[in-house]
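Hi everyone, thanks for coming. Let's take a walk through one structure together, step by step, and stop at a few places on the way.

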Amino acid sequence: MKYSVFLLLISCSFFSQKHSKDDEVKKYVSQVNEDSLKSYIGKLVSFETRHTLSSTDDPKRGIGAARNWVIRKFNDYAKNSDGRMEVYLQQEDIQPDGKRIDKIVNLGNAVAFLKGTDPNDKRIFLIGGHLDSRVTDVMNRTSKAPGANDDGSGVSAVIESARILSKSSFPASIIFVAFSGEEQSLLGSKQLAEKIKRENGQLEAVLNNDMIGNPKAGETGEINTRILRVFSEGLPYKDLDKKAMTIRNLGFENDSESRQLARYIKEVTEEYVKGLEIKLIYRNDRFLRGGDHTSFVNNGFPSVRLTEYYENYDHQHQDIRVENNKQYGDLPEFIDFKYLKKNVAANIAVLANLAKSPSKPEKVDMDVKELTNSTTLHWEKPKFGIPAGYYVLARETDSAVWQKKIFTTGLSMKIPLSKDNYIFAVQSVSPSGNLSVPVIPGIAK
């Protein structure tokens, strides 16, 4: 009888134990401004082309003028940070590769690094979008390529996030970056990912925003302003050969760090952003295609792509023209700024919660000494931050999202649920309700 009552309590606990919203995060989310987003995209389009191979020294046209403008915006917002925001252009001369680079080109990522307030907390969270644009011919660096949605929308999310969060005082750090070279084979993101890896940076989440402003499908005309897709890789790219047997034995094919991040984005966004649903897509990216988060996935960092529900191919990678009374080209009139505003708010809610949260619980383990229909988990306190407690999470193996949340202030819990039927995890929670990304348990030794 007691066992049945406890099981019922656990089944209801997702609702009864749900953490409260953080007022500070709600404030930041409410500050996303539609007019600001319009002004950013309008300015980006005004550079006519932002092709990676376009001019780097023309003050008004090309990728150089665009990246310098982003740097200026970052510097403006750095004034709000009490000296904690460092702004720089990460540059490298790229040699011709016989593919999409046909001359020596100065590649530059516009970066703002907002340092956390806790000098011992080395965690970093990153939001990015790609600055470069293109038309039908990927090597055409002279034609007008406005890139309003691809990826002016993503860069606008980066700039607006920098504007709002530059005023924050989070213990962990945030990187805001406008990548170059995405259309020429993810060159700028690869450059930054490899730099962070060389420096042993503790990069715990990458939010890559690529086309988040056009909700209309080109073929059918259907419009969906309610859904934002999040793509995540199920198996870790890095060291997969070493990890594959453990993943197979424990049934963790759907539980990579990137996929845990995607589930986290869904939970946080749907709590803080009204009228927006996160659709989890179980792929690293769209079918046979890639984006800047892939550079970070390949270097072992948890990374996802956020993108609109439909892609409109009439307004992506197209020469500007009118054919059969249809306008082609990636023009600003095809952006839905109310939809874009919600998607930017999702990024800010996630970044703020991550950067305010305690770090993940350490050494999360599952007891397997005895065969029972219950499961016992143990963990240690996080390295950074003082948690109010922890949530033990559970979901059935065929569920996309966590179904049960059980709060505890302890460092272990016995749950009357079979490890055969459920996947478990543990996450830290701050006194203000900010959650860490969940940690899947290892096997206790």
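Here is a question to start with: which residues point one way from β6, and which point the other way? Keep in mind as you look that this is a predicted model. From β6, I227, R229 and F231 point one way, while L228 and V230 point the other way. Both groups are buried.

Why is β6 largely enclosed by the rest of the structure? The strand covers residues 227-231, and 5 of its 5 residues are buried, so the surrounding structure largely encloses it.

Now look at what sits beside this strand. Strand β7, residues 277-281, is joined to β6 by 5 bridges, and the two run parallel. One pair to find on your screen is I227 with its bridge partner in β7, E277. Strand β8, residues 303-308, is joined to β6 by 4 bridges, but here the strands run antiparallel. In that pairing, V230 stands opposite L306 in β8.

Let's move to another sheet. This one is open, has 4 strands and mixed pairing, and its order is β15-β12-β11-β17. Its edge strands are β15 (412-415) and β17 (442-443), each pairing on one side only. Between β15 and strand β12, residues 375-380, there are 4 bridges, and these two strands run antiparallel. If you want a landmark, T375 stands opposite I415 in β15.

Next, charges. Side chains of opposite charge can pair when their charged atoms come close. How many salt bridges are there in this model? The count comes to 23. Take E267 and K405 as an example: they form a salt bridge whose closest N and O atoms are 2.8 Å apart. E267 belongs to helix α8 (residues 257-272) and K405 to strand β14 (residues 404-408), so this pair ties together parts that are 138 residues apart in sequence. K405 is buried, with a relative accessible area of 2%.

Then there is E311, which has two partners to show you. With R286 it forms a salt bridge, the closest N and O atoms being 3.2 Å apart. E311 lies in the loop between β8 and β9 (321-323), and R286 in the loop between β7 and α9 (293-297), so parts 25 residues apart in sequence are tied together. Both of these residues, E311 and R286, are buried. The side chain of E311 also meets that of R289 in a salt bridge, at 3.2 Å from N to O. R289 lies in the loop between β7 and α9, so this pair with E311 ties together parts that are 22 residues apart in sequence.

Is R289 buried or partly exposed? With a relative accessible area of 31%, R289 is partly exposed, whereas E311 counts as buried at 7%. And there is a wider picture: D210, D285, R286, R289, R305 and E311 are linked in a network of salt bridges.

Last stop, the surface. K197, K238, K242 and K243 gather there in a patch of positive charge. K243 lies in helix α7 and is partly exposed, at 38% relative accessible area. Helix α7 covers residues 240-250, and L250 lies in it too. L250 counts as partly exposed at 32% relative accessibility. Together with V368 and I443, L250 forms a nonpolar patch on the surface, with about 200 Å² of accessible area for the three together.

That's the tour, thanks for listening!

Technical notes:
Residues numbered from 1 in each chain as written. Predicted model: local features only at pLDDT ≥ 70, side-chain atom pairs only at ≥ 80, totals over all residues. Heavy atoms only, no water. Patch = residues over 30% accessible without salt bridge, like charges linked within 9 Å, V, L, I, M, F, W, Y side chains within 5 Å. Areas by Shrake-Rupley, 256 points an atom, 1.4 Å probe, with all protein chains shown as cover. Salt bridge = Lys/Arg side-chain N within 4 Å of Asp/Glu carboxyl O. Buried < 20%, exposed > 50% of the residue type's maximum accessible area, 1.4 Å probe, protein only. Pairing = 2+ DSSP bridges. Lys, Arg positive; Asp, Glu negative; His and termini not counted. Charge placed at Lys NZ, Arg CZ, Asp CG, Glu CD.
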